[in-house]
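Dear colleague,

I am passing on the structure we spoke of, with some notes on what was found in it. Please read them alongside the sequence and the coordinates.

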Amino acid sequence: ASTLGAAAAQSGRYFGAAISRGHLGEAQYVNTWTAEFNGVTPENEMKWDTVEPNRNQFNFGPADAIVSQARSRGMAVRGHTLVWHAQLGGWVSGLDASNLRSAMQNHISQVAGHWKGQIYAWDVVNEAFEENGTRRQSVFQQKLGDGYIEEAFRAARTADPNAKLCYNDYNTDGINSKSTGIYNMVRDFKSRGVPIDCVGFQSHLSSNSNLSSYQANLQRFADLGVDVQITELDVGGSGSGQANVYRTVTQACMAVSRCTGITVWGVTDKYSWRASDTPLLFDGNYGKKQAYSAVLDAL
Ligand code: XIL
């Protein structure tokens with residue numbers, strides 16, 4: 001196959017990119033996205049501060065612009081994200097516990113309900129763990145306690161029963177304290193019937209990232225009975241160092257049958273959130289980088 005999406009599809013996987021609505025007017029951006037990728041994650045447009053800037057006042061237009069283009073082309077859409085401590089509407093953090101609980105439930109039911117049946121997988125909860133494997137002390141954790149994560153997953157299942165429901169985090173690129181904390185939560189959820197279907201590994205990496213247990217880590221989650229996905233891949237660097245890391249990550253996903261897809265966190269280096277790291281597969285002129293060939297060969 002000659003594109004990332006078509007190559008991934010040969011094994012039943014998708015290869016996606018994070019897309020920003022603000023660039024949809026640029027022909028080269030849209031052309032590269034739609035030619036090469038068969039999946040999408042709205043980069044910011046489904047986050048709480050955008051979709052519910054004031055309590056019970058919803059703004060779905062920016063994400064709808066991306067979702068409608070993606071669906072007309074048959075792409076898998078990843079919903080990102082329902083419950084996260086960052087890019088949270090300012091009004092949320094001031095609520096007391098009972099208002100926060102009902103606001104979270106309402107947010108999930110309205111947002112996941114709006115795109116019901118159109119989302120392949122939702123990042124239901126994002127970045128809820130610390131590096132040492134304990135819970136991040138977010139406003140949700142502090143006011144609602146440990147149970148907020150399962151409450152969020154149950155609400156998401158009710159709102160969109162056909163979407164895969166994922167937990168998503170970063171610095172989980174191997175067997176370490178953080179990934180083990182998450183692993184223990186997923187194992188507990190599976191044993192108690194809490195609805196969780198997948199775990200996302202953001203994988204914001206650099207050329208010297210240590211990936212010695214990357215595949216084994218994906219596999220141990222898969223062995224719990226969940227799918228895994230690489231959800232926000234980018235690799236700071238250039239040339240063969242960068243290409244090698246991209247190759248290793250792609251090969252790891254390909255070697256784990258429950259690794260169902262890879263998403264890179266943008267199309268072109270010029271619009272990356274880490275632009276100075278030139279971490280993506282296409283340069284600022286939409287030229288294919290060495291990393292692109294490494295990924296295509298590995299798919
Ligand atoms: C980033 C976006 O790329 C930026 O445009 C925005 O300013 C901040 O958020 N983890 C996540 C993503 O889950 O939502 C973040 O995206 C990158 C880190």
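The notes below cover the ligand and then one glutamate.

This is a predicted model, in which local features need pLDDT of at least 70 and side-chain atom pairs count only at pLDDT 80 or more, while totals for chains, interfaces and linings use all residues. Residues are numbered from 1 along each chain as its sequence is written, and side-chain values use heavy atoms, with hydrogens and water left out.

Of the 13 residues around the ligand (a heavy atom within 4 Å of it), Glu43, Lys47, His80, Glu232 and Trp265 come nearest. The shell comprises three nonpolar, six polar and four charged residues. Polar side-chain atoms of Glu43 and Lys47 lie 2.4 Å and 2.7 Å, respectively, from an oxygen atom of the ligand, whereas a polar side-chain atom of Gln202 lies 3.2 Å from a nitrogen atom of the ligand. Taken alone, the ligand exposes 410 Å², of which the protein buries 77% (Shrake-Rupley areas, 1.4 Å probe).

Glu36 is found in helix 2, residues 27–36 (helices are DSSP runs, H or I, of at least four residues). Glu36 is buried, with a relative accessible area of 6%, where buried means under 20%. Its side chain makes a polar contact with the side chain of Tyr292 at 2.8 Å (a pair of N or O atoms within 3.5 Å, one able to donate a hydrogen and the other to accept it), and the side chain of Glu36 also reaches the backbone nitrogen of Leu4 at 3.1 Å.

Best regards

Notes. Nonpolar A, V, L, I, M, F, W, Y, C, P; charged D, E, K, R; others polar. Helix = DSSP H or I, 4+ residues; strand = E, 2+ residues; numbered from the N terminus. Buried < 20%, exposed > 50% of the residue type's maximum accessible area, 1.4 Å probe, protein only.
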